[in-house]
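Me: Could you walk me through this protein, one step at a time? I am new to reading structures.

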Amino acid sequence: MVNQLEAENRNHRKLGQKLELFTSLEEAPGMPFFLPNGMVIRNELEHLWRKKHQKAGYQEIKTPIMMKQELWEQSGHWDHYQENMYFSSVDDQNYSIKPMNCPGAILIFNSKRRSYRELPIRFAELGLVHRHELSGSLNGLLRVRSFTQDDAHLFVRVDQIEAEIDKVLSLIDEFYSHFGFDYKVELSTRPEEYMGSETIWDQAESALESVLQDRGVQYQVNPGDGAFYGPKIDFHILDSLGRSWQCGTIQLDFQMPEKFNCGYIGEDNKLHRPVMIHRAIFGSVERFMAILIEHFAGEFPLWLAPVQAKIIPISDSHANFANDVKLQFESAGLRVEVDYRAEKMGLKIREAEKQKIPYMIVIGDKEMEKQSLSIRKRKEGNLGVMSIEETIHLFAKEISQIS
């Protein structure tokens, strides 16, 4: 049973305002504005995403935010998703703002002749999408109208399907373990409205189920909740309060490659149809941020914290040394601020703790004389006196253990 008071204290909208992470404005309902502190967290998440995807053999792409209506008719989104889409008309041509990234990835795949030797091709995209949500359903970063999907679209041969899905499962597990999340798995099968034949759907569902069983993954079947173009595996992460959030997904798609006439030249020198795997890990960067804010109650690990340390000079006479320390920390790639205000040290420390800053660095006469720093850690108190180099090493070690 979730403690309602604790859940309210962790509410990402309140913490987002208090910690100056993001804001919502009437000028763009459901489309969040990210403040400097929030952008630090976004950039760290995207940096982690890029690093892990590059290592896993993905190529990053970027596709247009708005494409011709005919494309969405061809993909099936027009028939199955039109009520959730935004539209525009330019030069007597109808356009749709993309609600999903997959058609753009297909156009890139089709932009040149492909060989079986190239497959699997793994395209990854941090793609901004727009979906019309009812105004009453909007909720901070959890339910929005514009968000960034951490999509990937893999083009594979039929004989590569299970091996590639197995690799995606490993990558998702690696990501969630990075944040300390446990998660549950669901296999979602053919919905009432679907594209393609039952035979192809049975083949796709069997492939997903086979990989889950071979890996010994515990999963539940969610009948009828697949995408209109294919079955999927959904991942529900569990936060520090035990709440479940649907984030990652793997979708196996035989339909789109056929609709867009995708092909590659096989070893037999004949044209073959690839299979497409859609997958996301964060699900959406915005939603994942909201979950992290509530999971950590705004007390982010050092690598994610917008401000990693607050430098607190006791008086104006210590300000120049504090600034020198700041420059050394920034040169080491650390995010620090100096509190130059003419306030009592105790007040500055309390305010830094309220801002959930991981470390406080106090500088007075003794520290200036010895070129050292007095270190305090949030919730732990005084850690003693260290040299500048020792403190930078302490921070770097803590960051490297997690990030």
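Me: Happy to look! In the sheet of 8 strands, which strands stand at the edges?
Reply: Keep in mind that this is a predicted model. The 8 strands make an open sheet with mixed pairing, and their order is E3-E7-E8-E15-E12-E11-E9-E10. An edge strand pairs on one side only, and here the edge strands are E3 (59-60) and E10 (220-222).

Me: Which helix packs on this sheet and touches E3, E7, E8 and E15?
Reply: Strand E15 covers residues 275-280, and it is one of the strands touched by this helix. The direction of the helix makes about 160° with that of E7. The helix spans residues 36-55, and its name is H3.

Me: In what sense do E7 and E8 pair, and which residue of E8 stands opposite His 130?
Reply: E7 covers residues 121-130 and E8 covers residues 146-156. The two pair over 10 bridges, in the antiparallel sense. Opposite His 130 stands a residue of E8, Ser 146.

Me: There is a small group of strands too. Why is one side of E4 and of E5 left without a neighbour in the sheet?
Reply: Three strands are involved: the open sheet has the order E4-E6-E5, with antiparallel pairing. E4 (66-68) and E5 (86-90) are at its edges, so one side of each lacks a neighbour because each has a single partner strand.

Me: Which residue of E6 is the bridge partner of Lys 68?
Reply: E4 pairs with E6 (residues 93-97) in the antiparallel sense, over 3 bridges. Within E6, the bridge partner of Lys 68 is Tyr 95.

Me: How do H3 and H7 cross: is the crossing left-handed or right-handed?
Reply: Two packed helices are described by the angle between their axes and the distance between the axes. For H3 and H7 (residues 161-178), the axes come within 12 Å and cross at roughly 145°. Where they meet, Leu 48, Trp 49, Lys 52 and His 53 of H3 touch Leu 171, Glu 174, Phe 175 and His 178 of H7. The crossing of H3 and H7 is right-handed.

Me: Now the largest pocket. Which residues are closest to its centre?
Reply: This pocket has a volume of about 800 Å³. Its lining holds 12 nonpolar, 11 polar and 9 charged residues. Of the 32 lining residues, the closest to the centre are Arg 131, Phe 147, Gln 149, Lys 232 and Gln 246.

Me: And which elements give two or more residues to that lining?
Reply: One helix and several strands appear in the answer. The elements are H5 (77-81), E8, E11 (232-238), E12 (244-253) and E15.

Definitions and conventions
Residues numbered from 1 in each chain as written. Predicted model: local features only at pLDDT ≥ 70, side-chain atom pairs only at ≥ 80, totals over all residues. Heavy atoms only, no water. Pairing = 2+ DSSP bridges. Helix = DSSP H or I, 4+ residues; strand = E, 2+ residues; numbered from the N terminus. Contact = heavy atoms within 4.5 Å. Axes fitted to C-alpha atoms, helices over the stretch in contact; angles between N-to-C directions. 1 Å grid on protein atoms, 1.4 Å probe; cavity = no way out; pocket = protein on both sides within 12 Å on 5 of 7 lines; lining within 4 Å. Points joined across faces, edges and corners; volume = space filled by probe spheres on them. Nonpolar A, V, L, I, M, F, W, Y, C, P; charged D, E, K, R; others polar. Left-handed = near helix turned anticlockwise from the far one by under 90°.
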